[in-house]
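The following questions and answers concern the arrangement of two chains and the contacts between them. Please consult the sequence and structure shown here.

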2 protein chains.
Amino acid sequence: MMHGLIRELISPTLALSSLSDAAILQAELRGGARLAFSTDSYVVSPLFFPGGNIGDLAINGTVNDLAVSGAKPLWLTVGLIIEEGLPIETLKQVLNSIADAAQRANVRVVAGDTKVVNRGGCDQLFINTAGIGVVDEGIDLGPHRIKVGDIVIVSGMIGNHGIAVMAERNGLTFDPPVLSDTAPLNGLTERLLGSEGNAIKMMRDPTRGGVATTLKEIALESGLNIEIDETELPIAAGVNGACELLGLDPLYVANEGILIAIVDRDRAQSVLNLMRSNPLGKDAAIIGEVTPLRGDRSPLVLLRTSIGGRRIVDMLAGEQLTRIC
Amino acid sequence: MMHGLIRELISPTLALSSLSDAAILQAELRGGARLAFSTDSYVVSPLFFPGGNIGDLAINGTVNDLAVSGAKPLWLTVGLIIEEGLPIETLKQVLNSIADAAQRANVRVVAGDTKVVNRGGCDQLFINTAGIGVVDEGIDLGPHRIKVGDIVIVSGMIGNHGIAVMAERNGLTFDPPVLSDTAPLNGLTERLLGSEGNAIKMMRDPTRGGVATTLKEIALESGLNIEIDETELPIAAGVNGACELLGLDPLYVANEGILIAIVDRDRAQSVLNLMRSNPLGKDAAIIGEVTPLRGDRSPLVLLRTSIGGRRIVDMLAGEQLTRIC
């Protein structure tokens, strides 16, 4: 049955050329180019949510991990774990979304794997994607390049993905609806690195754990503080309202189609303008800057609040939202 | 909690150097070299079985998929899906097995991902691995190279992995015990391709679905028949006995440490001798040959039985063993 399923449904939909053990790929690596290699598993619940489903999420997620590492994503693998009894129609919809998302992101799904587990062995469908990208010579991103005075830019509205999933899970609807921001960022990052490669110090996509967690990781890795302005955070009214209703802080809510860039201060406005000229960056905003450590304290993220105070933004101490991606 | 888990347990055990989104790898691809890229998810139940566990299985499985494609495996990713409540001690044991297996296979785990799902959301632990290997210039494996008269060699005893898992699942013990054959085949394949590269037409590892399914796939892909001799199949007495007890045909039982090679007839003995000089190939045997199609029938696998008859070996029509890998 599974062999038939793979042969008749999965391979054609994903345009897998062969059932063999590994895809053989002709890599054209010019001198000095490097490979980027990344993986993520997707266990989002429910499978479908406003703005997307587990299929496009799985493609965009790995595309974005490669993109923010400075790579041009080329090839993806897709591993499916399917619960026995999952409606074939559901599987078809997800596979179609995978194929569409791969096309939109201009990547190829080159190999796959399917496991079917007994009823109750997993919850409907889990997807793993792994991806290979190529990092062109001269691109050097990372916390080692971050300096005091660098500017923190976010490429779009925050909190949409997490709120869309939570709303669906809790049967809430908003008017206008809050849609997941799931999208491939490689078009945007290639544009940024092509024009402003030297000015971009580091990029990261604030998925699970949200903007707060990502900024804290960047602070820890760079060994410097990051200060952000609450009033500068681009947050849709619907997301703000939903966060109040659900008792969530939008800074910790997952995103699937935005990136945070740490940028040379002198080029920040130019990078911001470039982002805003791209549909996926139209709501980009400067939200803060890199500041010196305070005495001998460990690196902090500080939020300048709308009423003029300052508070420390830490990793989430309690429960993170589970199965948000 | 998860961030702590990743930082304190998973990353150090797997020697992951960073928590960033993608690993950046320096690839030294000489002219004409290609990349091989493969993925597999592992959902084996139970997690531990005689001879191995889900951790080494996940490493060896992807290493072998790359190896039988003619690649030298270099880098792996590991994606964990953990059920809430999995004992930390269990996770530690599996992570240690992953690290040990990677070292044995001489590959590096370069990136990882961890998702925790609610109790009942999955069954204890699933693992996805993806891997990159390099295929040297001049290596050309595939069904297009297979001709009538080519010899079929299996590198070791068949059926051990599936029987070891089924025995554990059903509370059976054998004396001597049947152990999973889980092992990395890249040392063997590199040796074979180094010395007998031209003679090897195609390799594949007969995992899920066993030797029968793999041979049928090779027949279909090459467009030729394959005939094998029942009396030549290397099967341990314990596996034969267990198969009778459990009502299984060893030809369909999963293997995790052997390969099937289709080899030029004139070099078959030489390839066999080379295999047997390697500990993982000591039980290698010639089991059959490639034969012409019969009239206009589609490609078949035929078994010459011990009593002189012939029967068609097809894909498994009914239930395959589930969660065997």
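Q: Which residue of β2(B) does I24(A) stand opposite?
A: The model is a predicted one. In it, β1(A) pairs with strand β2 (residues 34–42) of chain B in the antiparallel sense, over three bridges. Within β2(B), the residue that stands opposite I24(A) is A36(B).

Q: How many residues of chain B are in contact with chain A?
A: Chain A and chain B bury about 4700 Å² between them, and 59% of that area is on carbon and sulfur atoms. Chain A contributes 59 residues to the contact, and the number from chain B is 59.

Q: How many residue pairs are in polar contact across the interface of chain A and chain B, and how do the residues on the side of chain A divide?
A: With both residues at pLDDT 80 or more, the rule finds 14 residue pairs in polar contact across this interface. On the side of chain A that touches chain B, elements that each supply at least two residues include α1 (2–14), α2 (54–68), β5 (72–83) and α6 (210–222) of chain A. The residues of that side divide into 30 nonpolar, 17 polar and 12 charged.

Q: Which side chain of chain A meets D40(B) in a salt bridge?
A: The count of salt bridges between chain A and chain B is four. In one salt bridge, D40(B) is joined at 3.7 Å, N to O, by the side chain of K115(A).

Q: What relation do chain A and chain B have to each other?
A: A turn of 180° with a shift of 0.0 Å along the axis lays chain A on chain B with an RMSD of 0.0 Å. The relation is therefore that of a two-fold axis.

Q: Which C-alpha in chain A is nearest the axis?
A: The same surface serves both copies, as 98% of the contact residues of chain A recur in chain B. In chain A, the C-alpha nearest the axis lies 2.0 Å from it and belongs to C122(A).

Q: How far apart in sequence are the parts that R323(B) and D123(B) tie together?
A: Over all chains, a search of the whole structure finds 32 salt bridges. The side chains of R323(B) and D123(B) meet in a salt bridge at 3.1 Å, N to O. Because R323(B) lies in the segment after β14 (310–313) of chain B and D123(B) in the loop between β6 (108–117) and β7 (125–135) of chain B, the pair ties together parts that are apart in sequence by 200 residues.

Notes
Residues are numbered from 1 along each chain as its sequence is written. Chains are lettered from A and ligands numbered from 1 in the order in which they are written. This is a predicted model: local features need pLDDT of at least 70, side-chain atom pairs count only at pLDDT 80 or more; totals for chains, interfaces and linings use all residues. Side-chain values use heavy atoms; hydrogens and water are left out. Contact means heavy atoms within 4.5 Å. Buried area is the accessible area (1.4 Å probe) that two parts lose on being put together, summed over both. A polar contact is a pair of N or O atoms within 3.5 Å; within protein, one must be able to donate a hydrogen and the other to accept it, and residues adjacent in sequence count only if both atoms are side-chain atoms. Helices (H or I, at least four residues) and strands (E, at least two) are DSSP runs, numbered from the N terminus. Ala, Val, Leu, Ile, Met, Phe, Trp, Tyr, Cys and Pro count as nonpolar, Asp, Glu, Lys and Arg as charged, and the others, Gly among them, as polar. Two strands pair if DSSP finds at least two bridges between them. Copies are superposed by least squares on the C-alpha atoms of residues with pLDDT of at least 70 in both.
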